[in-house]
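Trainee: I am new to this structure and would like to learn how to read it. Could you walk me through some of its features?

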Amino acid sequence: MSKLTIIGGEKLFGRINIQSAKNSVVSLIASSILCNGKIILKKVKCLSDVVNMCAILEKMGAKTYFKEGDLFLNCSSLYSYVPDSNLSKTLRSSFFMTGALLSRFKKAEMSFPGGCKIGARPINIHLQGLKRLGVKVKTENSKIFLDGENMRSSVIDLPYPSVGATVNLITASVFLGGETVIRNCAREPEIIDLQNFLNLIGFKVFGAGESEIRVQGVKSVDCGEIVYTPVEDRIEAGTYLLATLACGGQVELNNIYIKNIYSLYEKIYENDCKIVAENGKITINARGGGKSLGKVTTGPFPDFPTDLQAPLCAYACSLRGETEICENVFEKRFSHIDELVKMGAIIKRGERQVVITGGKLSGANVYACDLRAGAGLVLAGLIAGGTTVLDGVEIIDRGYFEIEKILTSLGAKVERI
Ligand code: EPU
């Protein structure tokens, strides 16, 4: 297990190139099962979740490799519809392969997915939607057996705009005769990205970004070679933006569009800082700290992203007055709160909500229980007085590539030991 030592108190100055979004790349890897040709995903970092998705495909017969910052995928020799259960249990997005496997093999044998421990994370919405498409589902010995022999297009009303269920229902529908309509679907930028990617392959998906997606089934696609640059990582960008606001300094984020982090921008744009956004670049000039944000509630896009809630909690510790933060997406996503309290944060905690009173943090030994909680604690370490030692850093590597190197390049004192 590696640790980060962080000596707080430095302002941040410099430039960061935001990478392809982890949460889009994993969906695109799952969807590559639909294509028999070569796929090149540009500017993809070897995050551990991405590497694990590739390892699952490899075990099913696909070829994958990284070269010069791009990810190469070829599923033409994929022969299995059974993703490795041990690997599947390491991440949530393993389950995002279900729809594509059903489209390709008319069956899939899935394991219950893993991922960060931030709530129960059931898969009922995925399965209900697939049943609407005519899939027979049987659960036995911790395995889910899906039979898609009698699949047909349909109209599906999702009870909640689940990101993963939307991915699975789109990818399960692409070869079905007629039109499938998915209502109350997820509207995240990563869903728009999936639509763009699938349409480049030759599928017909419309409406992503709105709450109704229509998939017109095609008989076949002629893949050839697909070269695609995934959408930028709005969560990575938001994390470094919040770090700059909390620490102060001047940082330029390249390759990020404000529309994808607008709910964050709306909250902070006048808070002792100047933010200029143009042509896919955001420049932040900040004094450090600022006034309380009032109330922030997480929700599905375009609401405030749950994946930025922990970094926001760390930022709130640097603000004057009380900030109330409500977590409405995952019921157990407050593992960073006890750790922040160890660092001296003043936090009143409710079931799904915390009230943070800004003040001084002091370095402490803390533990990263989940990916974004870990990122939040890194931010807390950057603003704390003294040294913070953060344990369990591997979990941060799931979603942030070489976080310590990026922060060091901005002048922070962060070291991996
Ligand atoms: N839900 C159900 N039943 C389902 C599916 C979801 O009750 O069948 C509930 C979940 O328990 C949760 C809510 O619906 O309370 C939202 O879950 P959703 O399905 O939208 O999330 P996901 O697809 O599992 C993706 C991201 C998460 C991100 C969420 C929300 C990937 C691989 N993961 O998860 O990313 O937090 O959407 O935006 O795309 C992260 O990157 O740290 C992360 C957890």
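**Empty space, a covered helix and a buried residue**

Mentor: Happily! Keep in mind that this is a predicted model. Let us start with a lining: the residues around the largest cavity divide into 6 nonpolar, 3 polar and 3 charged.

Trainee: How is such empty space found in the first place?

Mentor: The general idea is that rolling a probe the size of a water molecule over the atoms shows where empty space is left. Here, the count comes to 2 cavities of 30 Å³ or more.

Trainee: How much space lies in the largest cavity, and which residues line it?

Mentor: The largest cavity holds about 70 Å³ of space. Its lining includes Gln19, Ser20, Val25, Asp233, Glu236 and Phe401.

Trainee: What is the volume of the second largest cavity, and what lines it?

Mentor: The volume of that cavity is about 30 Å³. Among the residues lining it are Ile7, Glu10, Cys247, Leu382 and Lys413. By class, the second largest cavity has 5 nonpolar, 2 polar and 2 charged residues in its lining.

Trainee: And how much space lies in the largest pocket?

Mentor: A pocket is open, whereas a probe in a cavity cannot get out. The largest pocket contains about 980 Å³ of space. Helices H1, H5, H6, H8 (234-247) and H12 (371-383) each give two or more residues to its lining. That lining has 43 residues, and Arg121, Val163, Thr306, Val329 and Phe330 lie nearest the centre of the pocket. Sorted by class, the pocket lining has 18 nonpolar, 10 polar and 15 charged residues.

Trainee: Now a helix, please. Is H4 mostly covered or mostly open?

Mentor: For a helix, look at how many of its residues are buried, meaning under 20% relative accessible area. In H4 (residues 98-105), 6 of the 8 residues are buried, so the helix is mostly covered. The buried ones are Thr98, Gly99, Ala100, Leu101, Leu102 and Ser103.

Trainee: What covers these buried residues of H4?

Mentor: The cover includes helices H1 (22-31), H5 (124-132) and H6 (163-173), together with strands E6 (107-111) and E8 (143-147). Just after H4 comes Lys106, with a positive phi near 65°.

Trainee: Let us end with one residue. Is Glu339 buried or exposed?

Mentor: Glu339 belongs to helix H11 (residues 335-342). Its relative accessible area is 8%, so Glu339 is buried.

Trainee: Which residues does Glu339 touch?

Mentor: Leaving out residues up to four places away in sequence, Glu339 touches Val366, Tyr367 and Leu377. A polar atom of the Glu339 side chain lies 2.7 Å from the backbone nitrogen of Tyr367.

Methods
Residues are numbered from 1 along each chain as its sequence is written. This is a predicted model: local features need pLDDT of at least 70, side-chain atom pairs count only at pLDDT 80 or more; totals for chains, interfaces and linings use all residues. Side-chain values use heavy atoms; hydrogens and water are left out. Helices (H or I, at least four residues) and strands (E, at least two) are DSSP runs, numbered from the N terminus. Buried means under 20% relative accessible area, exposed over 50%, partly exposed in between (1.4 Å probe, protein chains only). A polar contact is a pair of N or O atoms within 3.5 Å; within protein, one must be able to donate a hydrogen and the other to accept it, and residues adjacent in sequence count only if both atoms are side-chain atoms. Contact means heavy atoms within 4.5 Å. On a 1 Å grid over the protein atoms alone, a cavity is a set of points where a 1.4 Å probe fits but cannot get out, and a pocket is an open set with protein on both sides within 12 Å along at least five of seven lines; lining residues have an atom within 4 Å of a point. Grid points are joined across faces, edges and corners, and a volume is the space filled by probe spheres set on the points. Ala, Val, Leu, Ile, Met, Phe, Trp, Tyr, Cys and Pro count as nonpolar, Asp, Glu, Lys and Arg as charged, and the others, Gly among them, as polar.
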